[in-house]
Amino acid sequence: MIKIYHNNRCSKSRSGLEILKNSGKDFQIVNYLENTPTQAELKSIINLLGIKPIDLVRKNEAIWKANYKNIELNDDIIINAMLENPKLIERPIVINDNKAVIGRPPENILNII
């Protein structure tokens, strides 16, 4: 089953959701601001994306700038920052079986559905 980690306030996330709706495929919406992934889930997502945790962080968020910018952080601290402040997680993230993409641009989603 396809899964989208979605934030309805984000235009890119809404566009990604629209792509999934238009695909006609079944999918699950995870409103990750309300249902924050567990540490294991977030690590699994990062692994599927094939990126480093820092690459999943929204570095322009005020929380990041105020608390983490210009500080040397290891992967566990970065993951914990995203878990404590899910707003820092880049979106949308779409997972289809063992493939995942960040929907920026939203058309990236077409590569895995």
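Let's start with a close-up: the side chains of E90 and R104 make a polar contact at 2.6 Å. Keep in mind that this is a predicted model. From that one pair we can move out to a network of salt bridges, then to helix α2 and which way its residues face, and finally to a β-α-β unit.

**E90 and its surroundings**

- You'll find E90 in the loop between α4 and β3.
- Is E90 buried or exposed? E90 counts as buried, because its relative accessibility is 14% and the cut-off for buried is under 20%.
- Setting aside neighbours within four places in sequence, E90 is in contact with L56, R58, I102 and R104.
- The E90 and R104 side chains also meet in a salt bridge, with N to O at 2.6 Å.
- That pair links distant parts of the chain, since E90 sits in the loop between α4 and β3 (93-96) while R104 sits in the segment after β4 (99-102), 14 residues apart.
- R104 itself counts as partly exposed, at 33% relative accessibility.

**Salt bridges across the structure**

- Side chains of opposite charge can pair when their charged atoms come close.
- How many salt bridges does a search of the whole structure find? The search turns up four.
- One of them joins E61 and R58, at 3.1 Å from N to O.
- E61 counts as buried at 12% relative accessibility, and R58 counts as buried too, at 18%.
- Which residues are linked in a network of salt bridges? The network is made of R58, E61, E90 and R104.
- K43 forms a salt bridge with D76, and their closest N and O atoms are 3.7 Å apart.
- K43 lies in helix α2 and D76 in helix α4 (residues 75-84), so this pair ties together parts that are 33 residues apart in sequence.
- Both ends of that bridge are partly exposed: K43 has 37% relative accessibility, and D76 has 41%.

**Helix α2 and its two sides**

- An α-helix has 3.6 residues a turn, so residues three or four places apart point the same way.
- Which residues of α2 are buried? They are L42, I45, I46 and L49.
- These buried residues cover an arc of only 95° around the axis, so they end up on the same side of α2.
- Turn to the face pointing away from that buried side and you meet the exposed residues A40 and N47.
- What do the buried residues of α2 pack against? Their partners are β1, α4, β3 and β4.
- Following α2 comes G50, which has a positive phi, near 70°.

**K52, out in a loop**

- Look for K52 in the loop between α2 (39-49) and α3 (62-67).
- K52 counts as exposed because its relative accessibility is 56%, and the cut-off for exposed is over 50%.
- K52 and I79 are 27 residues apart along the chain, and their C-alpha atoms are separated by 9.9 Å.

**Strands β1 and β2**

- Strand β1 (residues 2-6) and strand β2 (residues 27-31) run parallel and are joined by five bridges.
- Which residue in β2 is the bridge partner of I4? That partner is I29.
- Add helix α1 (residues 11-23) to β1 and β2, and you have a right-handed β-α-β unit.
- In a regular strand the side chains alternate between the two faces of the sheet.

Terms used: Residues numbered from 1 in each chain as written. Predicted model: local features only at pLDDT ≥ 70, side-chain atom pairs only at ≥ 80, totals over all residues. Heavy atoms only, no water. Helix = DSSP H or I, 4+ residues; strand = E, 2+ residues; numbered from the N terminus. Buried < 20%, exposed > 50% of the residue type's maximum accessible area, 1.4 Å probe, protein only. Pairing = 2+ DSSP bridges. Right-handed = clockwise from strand over helix to strand, strands pointing away. Polar contact = N/O pair within 3.5 Å; in protein donor to acceptor, adjacent residues only side chain to side chain. Contact = heavy atoms within 4.5 Å. Arc of directions from axis to C-beta.
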